[in-house]
Amino acid sequence: MIRFHGYFRSSAAYRCRIAFNLKGVDWDFVSVHLRKDGGQQKAPAYRRINPQALVPSVELEGGPLTQSLAIIEWLDESYLGTRLLPSDPFVRAQVRAFAMSIACDIHPLHNLRVLDYLKTKLGQDQSELDAWCRHWIAEGLAACEALLVRNGTRGRFAFGDTPGLADICLVPQMFSADRFGVDLTQMPRLNSVREACEELPAFAQAHPSLQPDTES
Ligand SMILES: N[C@@H](CCC(=O)N[C@@H](CS)C(=O)NCC(=O)O)C(=O)O
C-alpha cells in the first residue's frame with residue numbers, strides 16, 4: 001500500500017489524490033499539518049522522507065518519492081487503468097507543458113513558505129499578500145486559457161475526452177484561485193473543463209473539504 005503524506009489544502013497533494021482515484025489505487029494517508037507545531041513538514045523525521053520539507057511525498061517499496069508530477073507519472077507507468085498522459089509524443093509534451101505552467105510557474109509563487117517570507121522578512125501585510133497571489137494566479141491561468149485555445153483541442157477535458165495530467169493540475173489550481181478571490185469569469189474554456197472534471201467522482205472525492213484532515 002502507498003503511504004501518502006499530504007495536507008488537505010495543499011494543491012500538490014490534491015493533484016496526487018485525483019491521480020490515485022483516476023487510477024483506482026488505494027493509499028494510506030499520513031497527515032502533515034503545514035501550520036501546526038511550526039509546520040510539521042519541517043520536522044526532522046519528515047525531512048528524511050522529503051528533504052525539501054514540502055508535501056506531498058509517498059513511501060513506496062523502493063523508498064520515498066517526492067514532487068507531485070513525478071509521483072503522478074510513476075503512478076501512470078506502474079498501474080493499469082485510465083492513462084494520465086497521452087501516447088502521442090507531441091500531445092504528451094503539450095500536456096506536460098500545460099501541467100508545468102501551473103506546477104512550476106504559478107503554484108510556487110503562492111506557496112506557504114514564499115508567503116511567510118514576504119510577510120515576516122519583507123514586512124508585507126495580508127492584503128498585499130492576497131494581491132500578490134491574485135496577480136500571479138490570474139496571469140498564469142489566463143495563459144493556461146490561451147494555451148488551450150491556441151492548441152484548439154476539442155473535448156470535455158483539457159486535452160480531449162479523457163481526463164489526464166493537465167486536468168489534474170488545473171482543478172486544484174482553480175480551487176486555490178477561488179480561495180484568493182481571483183476573477184475567473186474571462187476563462188470560459190478553463191471553467192468548462194473544471195465543471196466536467198468536478199462531475200467525476202475521482203475529482204469530487206479528492207476535494208480538500210472531503211479529506212480526513214480537513215478544516216473549515
Ligand atoms: N513542486 C512540488 C511543490 C510542493 C509544495 O510546494 N507543497 C506545498 C503545499 S502545496 C508545501 O508543502 N508547502 C509547505 C511550505 O511552504 O512550508 C510538488 O509538486 O510536489
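Analyst: Contact means heavy atoms within 4.5 Å of each other. Helices are DSSP runs of H or I, at least four residues, and strands are runs of E, at least two, all numbered from the N terminus. This is a predicted model, in which local features need pLDDT of at least 70, side-chain atom pairs need pLDDT 80 or more, and totals for chains, interfaces and linings use all residues. Residues are numbered from 1 along each chain as its sequence is written, and side-chain values use heavy atoms, without hydrogens or water.

User: Which residues make helix 4 meet helix 6?

Analyst: From helix 4, they are Gln94, Phe98, Ser101 and Ile102. From helix 6, they are Cys144, Leu147, Leu148, Arg150 and Asn151. By class, five are nonpolar (Ala, Val, Leu, Ile, Met, Phe, Trp, Tyr, Cys, Pro), one is charged (Asp, Glu, Lys, Arg) and three are polar (the others, Gly among them).

User: Why is helix 4 called roughly antiparallel to helix 6?

Analyst: Look at the axes, which are lines fitted to C-alpha atoms over the stretch in contact, with angles from 0 to 180 degrees between N-to-C directions. Those of helix 4 (residues 89–103) and helix 6 (residues 126–151) come within 10 Å and cross at roughly 170 degrees. Over 145 degrees counts as roughly antiparallel, under 35 as roughly parallel, 65 to 115 as roughly perpendicular, and the rest as oblique. So helix 4 is roughly antiparallel to helix 6.

User: Why do helix 1 and helix 3 get their label, roughly parallel or roughly antiparallel?

Analyst: The axes of helix 1 (residues 11–23) and helix 3 (residues 68–78) come within 9 Å and cross at roughly 10 degrees. Therefore helix 1 and helix 3 are roughly parallel. Helix 1 brings Ala12, Arg15, Cys16, Ala19, Phe20 and Lys23 to the contact, and helix 3 brings Ser68, Ile71, Ile72, Leu75 and Asp76. The classes are seven nonpolar, one polar and three charged.

User: What makes a polar contact with the ligand?

Analyst: Here, a pair of N or O atoms within 3.5 Å. Arg15 fits, since a polar side-chain atom lies 3.2 Å from a ligand oxygen atom. A polar backbone atom of Val55 is 2.7 Å from a ligand nitrogen atom. For a polar backbone atom of Arg113 and a ligand oxygen atom, the distance is 2.8 Å.

User: Where does Leu54 lie?

Analyst: Leu54 is in the loop between helix 2 (44–49) and strand 3 (57–60). Beyond its neighbours within four places in sequence, Leu54 is in contact with Gln41, Tyr46, Asn111 and Arg113.

Key: A polar contact is a pair of N or O atoms within 3.5 Å; within protein, one must be able to donate a hydrogen and the other to accept it, and residues adjacent in sequence count only if both atoms are side-chain atoms.
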